[in-house]
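This report describes the structure shown below, moving from whole chains to single elements and residues.

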Amino acid sequence: MERISACVQCGRCSAGCPVAFESGQSPRQIIRLLQLDQRGEARRSPLLWFCATCQACSTRCPRGLPVLEIMLALRREGQELGEVRAPAFYRIFRQMIEKSGRVSEWRLGFKSALCRFPRRPLGQALLFLQLWRRGKIR
Amino acid sequence: MPPKVDREKCDGCKAENEPLCEQICPGDLFTLGEDKKARCRMPRDCWDCMSCVKICPKGALETRVPYQIGYHQAKLIPLMGTNSITWTLIDLNGKVERFHYINRGSLD
Amino acid sequence: MKYLYYPGCSLKGTARDFEESFKAIAPDLGIEIEEPGDWGCCGATVAKSLSKELAERLPLKTLEQAAKANRELLTLCPNCYLNHQQALDRLRKDETAKASPSRFPDVKQLLDVLGFDLGPEEIKRRLVCSLAGIKVLPYYGCLTVRPFPPGGTESRENPQIMEKLIALTGAKPLSFPDKVDCCGGGLLLTKEKVALKLAGRILKVARRYAPDCLVVACPLCHFMLDGKQNAIERELGEKIRIPVLYITQLLGLALGVDHIRLGINRLITSPRGLLGKFTRN
Amino acid sequence: MENKGITTLNDIKTEIIETDLLIIGGGNAGCFAAYEAKTQNPALKVTIMEKAQISRSGATAAGMDAINTYIREDRGETPESLVRWGRAQLGGGPIREDLVLSNAELLNESVEMLEEWGLPIVRDDEGYYKLRGRWDISIQGEQLKPIMAEKAMEAGAQVYNRVAATNLLMAGDRCVGAFGLGVRDGKLYVFQAKATIVATGGACGIYRSPVTDYTGSHHQTWMCPFNVGSGYAIGIRAGAEMTSLEQRWVAIRTKDFCGPVDTLAVGYGCLMINGRGEKIMADRYAHLGGEKAPRFLRLNAPMTEWLEGRAPTYVDTTRLSSEESKELREDLLNERPSFVLFLASNGIDITKEPVEIFGSDPYIVGGHTGSGYWVDIKRMSTIPGLFAAGEAAGGSPNKFVGGCATEGRIAARGALEYLMGVSLPAPPADQIDREKERVFAPLLRGGAFDGVTAVEMEERLQRLMDEYAGGVSQFYRMNEERLEHALKQVKVLQDQTRYLFASDLHDLLNVHEVIDRLSVAEVLLHHLIYRKETRWEGWQTRMDYPEVNPDLDCFIESRRDPLSGEVKVFTRSYEQLVAGDRTKG
Amino acid sequence: MSLKVTPKIAIFFANEGDELSQSVDLAALVPRFSRAKNVSCCEVLPGGGAGKNREDIIAKYQQGMFNRILWVGRFSPEQRRNWESDLAAAGLNPYLQEWCDLREQGIYHEKDLRELQTQKAMILIQMSLARTRLLEPLEPLCLPGTDAVLVVGGGTAGLHAVAALAQAKKKVYLIEQQSAVGGKVAELGRLYPRICDPHCGLDFIIQKIRKTKSVEIHTLSRVVAVEGGPGNFFVRVLKAPRYVDEERCNACGECRKVCPVVLPEETSGPYGCQHAPETVCESTFRKCAISPPWPLNFPTAYVIARPLCPPHCRKCEKACPSAAVLLDQPPTELTFRVGAMLVTTGWDPYALAKVEEYGYGRYPNVISNLEMEQQDALPGEIREVGFIQCAGSRDERHLDYCSAVCCSVTLKQVLALKEKNPAVRCYIFYQDIRTPGLGEELYQRVKALEGVLFIRANPAVVRPRQDGRLALRVEDTFSGKELDLSVDLLVLAGGLIPSEGTSEIADVLKLPRNAEGFFESHLPCHSEESQRTGIRVGGTSRGPMGIDRAIETAQQAALDVLPFLQETIEVTPTVPVLNLSKCDKCKRCMEECPFGSFLFDAEGFSQVDLGRCRQCGGCMGTCPLLAVSRRHSTIEQLAAQVRAVKPSFLAREEPVLLAFLCANDAYPAVRRAAELGLSIPLNVFHITVPCIGAVNNALIADALAFGSDGVLIAGCRDGQCHYIKGNQLIKTRGDDLKAKLQSMIMDPRRVRLTNLEIRDSRAYVELIHSYLKELKEMGPNPFRA
């Protein structure tokens, strides 16, 4: 992260970020916060957990900053400091791999669906059915 | 009397053509190895005149007394000045003696 | 060509058809794979979000297996590929630090193998039937090209390798400006609405080109664009109805492999129209 | 390795060089000859053929710690007194007093030239050259060789380094240059010269060195091991008259490591003692001059101690102070640095224990004894156009550094005189082809050839000479039958040279070195056989003729017929020019 | 071997204001040195040698009382110069005078130290005396030269250089790869500030060149080889056939009417240019096989693109009324003898297709700024135009540097555009707007325009819309807001890279280049130098710059080469001399010379090209056999100075330090230290060398052998060495020596390198003190008597 200062705030990361404007904050702003030494605020940024890890920011950065890695680091930091709690999906996923070494998607989907009210539960159910009929979940 | 080549230090005189030791050796004993570093082709044929040791700009050469007649590892290291030479003599017990004298021009 | 094959979780579940189609065409393409029984999850994007240690540990197991078997590692799922590739880079970094030659073989993703290890010419030799008359829209998504583009040389913004492969089959590849945009798959189980929005954007643009099908090389993309297509249509309030095939399935068809063996019957969005066209010529 | 891609005769390039004066050997005498010639007549084209690299070649490669002859007039010394001393050193000769005198007259001038050129010579408080012994002056001669070389080149001599003389170029009975083997470029060099000076070193490696076996060093010798007598060989093969070869030079050296003893004995007055601690010279040889006894005796004396069961023998360095010891080793660093290393690597402190001594192997060196070319006062050999100087020229022993230098100058003057009005014939094609074939045959046989290597033959020759022709293992003793046997064997070896092969140019050089050694050995044996007496015990000890034979108070000469190869031996009489008792110096 | 006159040395002590006598015991020194070897007179000059004793010194010289002088004491540079010129006038060679300043060596009016100072002065004077004995009279050397000069690259920079040189009455050869001169500027639409057509500017300079008869222009030519050195370069030039006689052709155009070759229109995109400006613009411009020259009509003769001709077609040949067509013209090779060369090979546009995210080459309405230059009025339907700055510049993945001109270019283009199509809306996406100095005016002018929006952000992707326009999504970094914009035309401000010609000529002339591929020059001291004497570089081949600077640098370069364009070139006599009787042909001098001054002679010895040599003495420093000596600071002279240092004047536990000072930075630093009255300890002795690269390991060995406890080698800071790499050379050699010291069981810290710049006086003095302390801890040098 020592190269944070190299950022010229050109905004390419944000312009290419698919979720920045869903979260109301942009990767550029997060880097700026870090430049300003406001890590706390950066850690709490809603953007962090919106990130789809699509790597667009990192690959397009003219200064070669590992923007995504920075995001992920902040995610971890936030949890280690107990400031934030990862969404259910992450926790369930972790339990699974720690238990069985692998992940069963439908259980994962199902469990994390239970932790939050799913959009269009019926549609979900239907999809589960279709997947099951096509042998994609067992 | 085998002259020892320190492969680390030797740069084959940049392997431009003949390294200086090859040029100077009265016995025509040095050549440039495949690795572009100096090689003594026949250590037993050396007369230990130490011309090669004196001329090597990288300090990569050392004259050794063969073990059969001299113990490990005494050293005799010449350092060439412009008009004087110094010798550092280290005996088998590590005792150091130094010599320095004029080898060119007037003695005063 | 022999690889150590790493399936990854999805390939045994929602992306079953991906694995099936790959295994169905592999022999015809002269690709041999050996699959270790005891592989473990690579950690996807989750591990890195939770614990560095965990993220760095998980891929090691497979890499060791590859080193032991002294085979290059092949993963179908780009996410698994990314994690293993990154782990490999870390290992090699400290190997070079110790100036010791690497004992770990390379890690490959599907497009590396098809597009570069084998190469279009080689594949062309083996194709048996033409898919002429079909318009195909290739979609790469993120991790097939970012950060490690196929063959290490492909463009990250405008990759061409899938186009080349599609062209081999006789089908017409359409150039798709949004081909490297994110499908949002990673957010499906946390920020579903956003996820659907992103996938929706892609499908909407895709529809402009009126393709007979989309072709992908990533289980997650496939799940979003195929599995979630109904949901997306509902979000957009308009019909899309584009079948989404794995590149392996498309090649399978050109190799004359029966589409059941290719798992095409497992698609959610019906490929009937497409197959109709195909059987006609 | 480096054979410059030579596989057939056609691959070999011939380089023809025309010059006024060719000097074979860029050593002490050679450099001075070149300097003299160029300064006398700058217009002259002077060329030096040098086997190694002129700035560090030959006997003085490592440097020198003393000039062993300098005439301190202030001490009443004169050229004549030098002659007397030299004569006495040979037990009365015979020596060529004409040569020695002419040398002595120019000697000091040469030495002073060296100092002017930048050779540091130690002076005493009155500003005279500091003596050690009667004639020796101390120098700090680590750079002696480079200095001489630079001057020769600055004077404008053209130097061909890494070209080894293989034969003389003859026009009828006249010498018109020489052939050379390009050790680096694999060319055959043809030097066409109006006059030629042989100024090579002496012959080393004819005999086995006592330190050779099991020491990992093949070249534990007193003389520079790369001086193999080629200078004599080329003359012998061309039919030049050789003199006094039987007057071999054998030196008393430090045991197990052929280190210099004179420096200790002469330079620092350390006496030779035997196992019982008795002073060898003073106690047993007082009647022959004790410490001042002739050199060959000073060699033979300790060896006799060995034979008579009073070995080992030493020079007693124990009463040296540590300052003297340091000073002494400083001198040694100038001449044989590795001897200092040898002492250190065996933890020897010479002030605590004496240094053991033993005889060396015999050498043919005209700068020290009378061996070499028979030359006239101008130093021209019996072959017109061929001059000799330094170790190569016979008749005038005890030349050493100063004398060899001087003789180089004298020879140059002679050559200059000669070459005026001499013209060069066209290069003799047939001679060139023959020589090319002869020189490169071993290389063309190739490394895979099933034959004999130079080292194998060299070591066989050395053992042969050692055991049958009075080498160190025999305490230098010999007798008719052994010599005859040796001669027979040498002939066989000469015949076997057609099996010698070389895989690269360095090998090829070694091959010709052994061939040259054979040429010298053959003639040497004839000399040894002819002198049926014991005149210089140690240097020449005939067990079958232990006494001095007054009839042989003359020079023994030899000439090998270039066509038949037959060696004729005859005598020349001795002329005394400087009056006085010949045995008193 | 020069004829030696035995030196008769006069020693003069400058005791202005009793400065000297206060710090040392002159009464003891004067008699001591009047007895010294080779010294014929030894006097004290009361008043620094002004007025009366000036005459009698000169008189004494003319009476032959002495033939060289050692000046002891403090002399201002002016005083030195006066003495040297006065005595030179009287016939004393300036190189036979030596200056020994005691203050620089730490001798001040320290009453209580007077005794010790006198002893040190004794040694210092001994040192200078030893050197004085070995001084040689030197006369400037003259090399044969020629007043001809060769300029490579006929762009704006080249043309201006040519004009300048032609005005200076020099014979000029201009070598141009294209079929005509003009270069990139000829491709531009308008020039700031007058937004005028660059062709009038070019025309003006070309007229200027036309007037002089001394310029020879060779188009379609490239330099293929060069031999010789400054004053005498022999340049081989390969001239491709034009297939049209330059003299005869009057550009009537008849040939084009009959030329069957018509280049298909579709090779050019909707904006008249296809996406490889450097090549296709020409062909689109050309339209058929025979065409006017490009980019300008100077020379006017047409040119034929022979590969495009149909087999056996000779139509143009027949059609030409002045029989100028030469379809079978062969290529020719020319050789020029010139005294110097100028390289103005210019730039190429960065290949924008590499900046993939912006879709250059994929979408027809994305064009480069160079292509934009060729747009006249834009089609009416165009309503919105986007300009993306730093497209490839200042970007790790592309060009690390700022291309310098793109901002002004865009602003200029916006101005021009708005002038023709006032209704057009412009978006300028930028990181920073860089229009330094008066350029601000341009920026403000554009800012003031209606309908121009500056957006401080770069888009990440460009996407075509259904309607064919381009969609841009950016974050306005000021507001943090997401902007979804669309434009009809997108102009990428592409970067500048060294032209192919630049890399080509660099290889031929062995000109060093920096990481970016532009010519390496020693900024700011010799900004137009190329590190190859007699060759100067100007314009954009040195780095991105605007036209104005390109012209200035080219003219500066032209000015710089004038000294090489004389019948004879005068060279300062302090050149290196090789002693071939010592040289072993090891070639290290050749390897290490920063200026490639060494050539092989017939016998394989290396040989200095005195013209190229900069006299740094690096060769002297590197020669293992001490066969090279730089005149006036010869190895012998330096050795004599070193040998004269007698550490014994101090108690054994007091360390003595010998410092070699680089004449450019370290010495001035020390001199300044003396002026500032900083305390330079008596333990240190200074010896000045042209460059520390010239310090041979043998000298350091001497210093240690003769008892100095430490040797300090003070040179320039990295990258500041006036001889480019002297300080690196000594570094590697120093490391070898240190390794040797280690094996000799001596503390390698006894040799130390340091880098100073002129203002480091204090730093230097501190360093000396700390080093002395360190040496004290080490104990005396084992070789110290």
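A residue is called buried when its relative accessible area is under 20%, exposed when that area is over 50%, and partly exposed in between. By this criterion, 67% of the 585 residues of chain D count as buried. The model is a predicted one, and every value in this report is computed from it.

## Chains D and A as wholes

Chain D contains 15 helices and 19 strands. Its C-alpha trace spans about 65 × 50 × 50 Å along the principal axes. The radius of gyration of chain D is 23 Å, in agreement with the value near 25 Å for a compact globule of 585 residues. Contacts in chain D between residues at least 6 apart in sequence join, in 76% of cases, residues at least 24 apart.

Chain A is built with 10 helices and 0 strands, and its pattern along the sequence reads α-α-α-α-α-α-α-α-α-α. For a compact globule of 138 residues the radius of gyration would be near 14 Å, but that of chain A is 18 Å. Along the principal axes, the C-alpha atoms of chain A fill a box of roughly 55 × 30 × 25 Å. Of the contacts in chain A between residues at least 6 apart in sequence, 50% join residues at least 24 apart.

The table sets out burial and surface for these chains.

| Chain | Buried residues | Exposed area | Share of exposed area from carbon and sulfur |
|---|---|---|---|
| Chain D | 67% of 585 residues | about 19,000 Å² | 50% |
| Chain A | 58% of 138 residues | about 6,400 Å² | 57% |

Charge may be considered next. Chain D carries 66 positive and 83 negative side chains, and the centres of the two sets lie 1 Å apart. In chain A there are 25 positive and 10 negative charges, and their mean positions are 11 Å apart.

## Helix 2 of chain D

How many residues of helix 2 (residues 79–89) of chain D are buried? The count is 9 of the 11 residues, so helix 2 is largely enclosed by the rest of the structure. Among the buried residues of this helix are D:Pro79, D:Leu82, D:Val83, D:Trp85 and D:Ala88; D:Ser81, D:Arg87 and D:Gln89 are also buried, as is D:Gly86. The partners against which the buried residues of helix 2 pack are helix 3 (97–117), helix 8 (295–307) and helix 11 (400–419) of chain D. After helix 2 comes D:Gly91, which has a positive phi near 60°.

## D:Tyr418 and D:Gln431

Helix 11 of chain D, one of the packing partners of helix 2, holds D:Tyr418. Leaving out residues up to four places away in sequence, D:Tyr418 touches D:Arg174, D:Lys194, D:Ala195, D:Met380, D:Pro384, D:Gly385 and D:Phe387. The C-alpha atoms of D:Tyr418 and D:Gln576 are 28 Å apart in space, with their positions 158 residues apart in sequence.

D:Gln431 belongs to helix 12 (residues 429–445) of chain D. Is D:Gln431 buried or exposed? With a relative accessible area of 15%, D:Gln431 is buried, because this value falls under the 20% limit. Apart from neighbours within four places in sequence, D:Gln431 is in contact with D:Leu168, D:Leu169, D:Met170 and D:Phe179.

## The contact between chains A and E

Between chain A and chain E, 21 residues of chain A are in contact with 22 residues of chain E. The two chains bury about 1,700 Å² between them, 40% of it on carbon and sulfur atoms. On the chain A side, A:Arg12, A:Ala15 and A:Phe21 lose the most area to chain E, and together they account for 38% of what that side buries.

## A loop residue of chain E

E:Ile758 is placed in the loop between strand 34 (751–756) and helix 22 (761–778) of chain E. The relative accessible area of E:Ile758 is 40%, so this residue is partly exposed. Not counting residues up to four places away in sequence, E:Ile758 touches E:Asn664, E:Asp665, E:Pro668, E:Ala669 and E:Arg672. E:Arg717 is 41 residues from E:Ile758 along the chain, and their C-alpha atoms are separated by 10.0 Å.

Technical notes:
Residues numbered from 1 in each chain as written. Chains lettered and ligands numbered in written order. Predicted model: local features only at pLDDT ≥ 70, side-chain atom pairs only at ≥ 80, totals over all residues. Heavy atoms only, no water. Helix = DSSP H or I, 4+ residues; strand = E, 2+ residues; numbered from the N terminus. Rg over C-alpha atoms; globule rule 2.2 N^0.38 Å. Buried < 20%, exposed > 50% of the residue type's maximum accessible area, 1.4 Å probe, protein only. Contact = heavy atoms within 4.5 Å. Areas by Shrake-Rupley, 256 points an atom, 1.4 Å probe, with all protein chains shown as cover. Lys, Arg positive; Asp, Glu negative; His and termini not counted. Charge placed at Lys NZ, Arg CZ, Asp CG, Glu CD. Buried area = accessible area lost by both parts, 1.4 Å probe.
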